[in-house]
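Please work through the exercises below with the sequence and the model open beside you. Try each task on your own before you read its solution.

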Amino acid sequence: LETLSAEAALAIENARLYREALDKAKFEQELKVAAAIQKSLLPEANHPGSFFTTAAASEPCRSVGGDFFDYVDLASGNFGCILGDVAGKGSPAALLAAAVLGMFSAEATYQTSPAELITRLNRGLFRRAVEARFLTTFYGVLSEDGHFTYTNAGHNAPIFISASGLRRLETGGVVLGLFEQARFEEETVQLEPGDVILIFSDGVTEALNVAEEEFTDERLLAVVTAQRGNPPDAMLEAVLAG
């Protein structure tokens, strides 16, 4: 080994660098595939109904992440929506988010109570023995007469925008995945034509600008206040523009 020629040493080094480049390219390709799969699990951003309109967006800070949302058209004619945020980032968080979406799809078709549905999601996490993982989530059901029944499991309190002002939707319970027997409460609020509910994750309020400054809850409230009266897609665009 001591008499190894310079040419041979260079060849060995080049081979090592080549293997590392191949491994990196393979990893990046796998991340692209994972990101495409995660994106395919999310619904269309706009989901119009006969008595409501929606606008949504999800922009992971990495190729994949733990934020998720979904819609469900219930047999009763009501409309359900969920948004959640798994603790952590990257592939582990994305895998758990996908699992929760699967459980949600199975439960939402026959669970009429948001609190009961969230309770069952929480117990489902324990049945699957997912350790050291928890998530926040918000689930609400809107009826044609404007009743919106929701439960908030430790999530950023959504903003209810009405003619009378702004309020936060906080009723619910703890984050999912901490206590198997956790109980959740629900609340019903009355929406009138033109009212808006903005549901978001902490990725919005903690987003950084080029000066490394967080967007903050206060700035989000300011944007929402300035956009009051505008349709959901315009409000969403203003929030993303910051």
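**Exercise 1. Aromatic pairs**

Task: In this predicted model, find how many aromatic pairs the structure holds, and decide whether the pair of Phe 51 and Phe 52 is stacked or edge-to-face.

Solution: Start with the total, which is 8 aromatic pairs. A pair of aromatic rings is described by the distance of the centres and the angle of the planes. For Phe 51 and Phe 52 the centres are 5.1 Å apart and the planes make 75 degrees; because planes over 60 degrees apart count as edge-to-face, this pair is edge-to-face. Next, apply the same reasoning to Phe 148 and Tyr 150, whose centres are 6.3 Å apart and whose planes make 20 degrees; since planes under 30 degrees apart count as stacked, Phe 148 and Tyr 150 are a stacked pair.

Now turn to accessibility. Phe 52 has a relative accessible area of 12% and is therefore buried, whereas Phe 51, at 24%, counts as partly exposed, because buried means under 20%. Phe 148 and Tyr 150 are both buried. Finally, follow the ring pairs onward: they link Phe 51, Phe 52, Phe 69, Tyr 71 and Phe 79 into a cluster.

**Exercise 2. Helix α3 and the cores**

Task: Describe the span of helix α3, say what covers its buried residues, and identify which residues have the most contacts inside the largest nonpolar core.

Solution: Helix α3 runs over residues 114–127, and its 14 residues reach 20 Å from the first C-alpha to the last, close to the 20 Å expected. Among its buried residues are Leu 117, Ile 118, Leu 121 and Leu 125. An α-helix has 3.6 residues a turn, so residues three or four places apart point the same way. The cover over the buried residues of α3 includes β2 (79–86), α2 (90–108), β3 (135–142) and β4 (147–153).

The next step is the core. The largest nonpolar core has 41 residues, and those with the most contacts inside it are Phe 68, Leu 121 and Tyr 139. At least two residues of this core come from each of β1 (67–73), β2, α2, α3, β3 and β4, and the largest share, 8 residues, is supplied by α2. Leaving aside residues up to four places away in sequence, Leu 121 touches Ile 82, Val 100, Met 103, Phe 104 and Leu 176. There is also a second, separate core of 12 residues, which includes Ile 159, Leu 198, Leu 220 and Met 235.

**Exercise 3. An open sheet**

Task: Work out the strand order of the open sheet of 3 strands, and find which residues stand opposite Phe 160 in β9 and Ile 161 in β9.

Solution: The order is β6-β5-β9, with antiparallel pairing. The edge strands, β6 (165–168) and β9 (196–198), each pair on one side only, and the twist averages 20 degrees from one strand to the next. Helix α5 (residues 217–226) packs on this sheet and touches β5, β6 and β9, with its direction at about 140 degrees to that of β6.

Now take the strand β5 (residues 159–162), which 3 bridges join to β9 and 4 bridges join to β6. β5 and β6 form a hairpin with 2 residues between them. In β9, Phe 160 stands opposite Ile 197, and Ile 161 stands opposite Val 196; in β6, the bridge partner of Phe 160 is Arg 167. Both faces of β5 are covered, with Ile 159 and Ile 161 buried on one side and Phe 160 and Ser 162 buried on the other.

**Exercise 4. Residues in loops**

Task: Find what phi is in Glu 212 and in Thr 216, and then decide whether Glu 212 is buried or exposed.

Solution: Most residues other than glycine have a negative phi. Phi of Glu 212, however, is near 65 degrees, and phi of Thr 216 is near 70 degrees, a positive value in each case. Glu 212 lies in the loop between α4 (202–205) and α5, and Thr 216 is placed in the loop between α4 and α5 as well. With a relative accessible area of 59%, Glu 212 is exposed, while Thr 216, at 24%, counts as partly exposed.

Definitions and conventions: Residues numbered from 1 in each chain as written. Predicted model: local features only at pLDDT ≥ 70, side-chain atom pairs only at ≥ 80, totals over all residues. Heavy atoms only, no water. Phe/Tyr/Trp six-rings, centres within 6.5 Å; stacked < 30°, edge-to-face > 60°. Buried < 20%, exposed > 50% of the residue type's maximum accessible area, 1.4 Å probe, protein only. Expected span 1.5 Å × (residues − 1). Contact = heavy atoms within 4.5 Å. Core = buried A, V, L, I, M, F, W, Y, C linked by side-chain atoms within 4.5 Å. Pairing = 2+ DSSP bridges. Axes fitted to C-alpha atoms, helices over the stretch in contact; angles between N-to-C directions.
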